[in-house]
Amino acid sequence: MVVAMVAASMASGLRIKAMAELCCYLTVVLCAFLVPCLAKLTTIEHPVKPNRSLSFLVVGDWGRKGFYNQSEVAFQMGRIGEKLKIDFVISTGDNFYDNGLTSVYDPAFRDSFTNIYTAKSLQKPWYSVLGNHDYRGNVEAQLNPTLRSVDKRWICMRSFVLKTELVDIFFVDTTPFVDKYFTDPEDHTYDWKGVEPRKNYLSSLIKDLKAEMRNSTALWKFAVGHHAIKSLGHHGDTAQLIKFLLPVLKDNNVDVYMNGHDHCLEHITSMNGAMQYLTSGGGSKAWRGDLKPDDDVNHSAKFLYDGQGFMSVEMNENEAMILFYDVEGLILHQWKISKQLRSAV
């Protein structure tokens, strides 16, 4: 009887300990995914290839259930992904049109993601940020780790850092920077849970970005956001990012800023610095037809295509090669930067 009582007591204690550990785990998950503004940026590590190289695709503004040539772009991504043996995919936001996801059970997740990007080469992690259209839905649904039980590729957070042996990639939640979504939302409703009070959220985000970038020892530094810093597309430059984010990127010698938002493919280079601005927002609906003139004396447009497509990056310790592809998988533009020379070719 005594032995049985002791055993029962031990079992009860183990259950309590297990519950405590589970609660601790859930707390960590909630902190990482639901209230990132209260903690440092989440860091994810991704290995490089055995030869110390890395390759990945970049696509944005895609989630339209296969329409507007989304399926055709996805097919070519699969083909190029196989050729390059990609390690992962980056999504620059506006993942689900027109108004994000309604919940973790929203069929749009499968209809616009799982059932579209079916190629074997694309069965790799998808590191994703939110776009303004995603903020019109249930933001927490898109950030919820539960979606990984539906499709294990899906990794989406507001802001985070992807670390590899070659490059640190800083993913930035840019939508809360844009004033008009707060002052003139038109007929749209935005989900600002986890963002308001906005001033505190942005202050914390900039502080965390500065700390992470300052502490980075990576040879290369890339940044990803949904909104453009520099663009000749329909939306153009984002004034708030130029004011608040760009100085942080410049101070920390970020090599490349990649974005979506404008539904085009674009490469703009700085005339007085090493940073390159790359837009990959051609994942589905495009051909807007209202490109802006290239009249900025401080920047030069190397490439601009008002159509659908995506981008690839191949890199090693010495150089990074970036290619833009159209909806048929044809190479439209390529560009190489040498880390040793710190100049674009």
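In which helix is Leu241 found? Leu241 is found in helix H8, which covers residues 239–244, and the model that places it there is a predicted one. The chain as a whole has nine helices and 16 strands, and the points below take up its general make-up, then helix H2, then Leu241 and finally the largest pocket.

**The chain as a whole**
- Of the 345 residues in the chain, 56% count as buried, while the chain exposes about 15,700 Å², with carbon and sulfur atoms supplying 56% of that area.
- When contacts between residues at least 6 apart in sequence are considered, 73% of them join residues that are at least 24 apart.

**Helix H2**
- Helix H2 runs over residues 70–84, and because a helix is expected to span 1.5 Å a residue, its 15 residues should cover 21 Å, which agrees with the 21 Å that separates its end C-alpha atoms.
- The buried residues of H2 are Gln70, Val73, Ala74, Gln76, Met77, Gly78, Ile80, Gly81 and Leu84.
- The cover over these buried residues includes helix H3 (108–114) together with strands E2 (54–59), E3 (88–91), E4 (126–128), E13 (309–315) and E14 (319–326).
- Just after H2, Lys85 takes a positive phi of about 50 degrees.

**Leu241 in helix H8**
- Leu241 has a relative accessible area of 0%, and because buried means under 20%, Leu241 counts as buried.
- Leaving aside residues up to four places away in sequence, Leu241 touches Thr174, Phe177, His227, Ala228, Ile229, Leu246, Pro247 and Tyr257.
- One of these contacts, His227, lies 14 residues from Leu241 in sequence, and the C-alpha atoms of the two residues are 8.2 Å apart in space.

**The largest pocket**
- The largest pocket holds about 650 Å³ of space, and its lining is made up of 35 residues, among which Asn132, His234, His235, His261 and Arg288 lie nearest the centre of the pocket.
- The elements that give two or more residues to this lining are helix H6 (180–183) and helix H8, the latter being the helix in which Leu241 is found.
- Sorted by class, the lining of the largest pocket has 13 charged, twelve polar and ten nonpolar residues.

Key
Residues are numbered from 1 along each chain as its sequence is written. This is a predicted model: local features need pLDDT of at least 70, side-chain atom pairs count only at pLDDT 80 or more; totals for chains, interfaces and linings use all residues. Side-chain values use heavy atoms; hydrogens and water are left out. Helices (H or I, at least four residues) and strands (E, at least two) are DSSP runs, numbered from the N terminus. Buried means under 20% relative accessible area, exposed over 50%, partly exposed in between (1.4 Å probe, protein chains only). Contact means heavy atoms within 4.5 Å. Accessible areas come from the Shrake-Rupley method with a 1.4 Å probe; for residues, only the protein chains shown count as cover. The expected span of a helix is 1.5 Å times one less than its number of residues. On a 1 Å grid over the protein atoms alone, a cavity is a set of points where a 1.4 Å probe fits but cannot get out, and a pocket is an open set with protein on both sides within 12 Å along at least five of seven lines; lining residues have an atom within 4 Å of a point. Grid points are joined across faces, edges and corners, and a volume is the space filled by probe spheres set on the points. Ala, Val, Leu, Ile, Met, Phe, Trp, Tyr, Cys and Pro count as nonpolar, Asp, Glu, Lys and Arg as charged, and the others, Gly among them, as polar.
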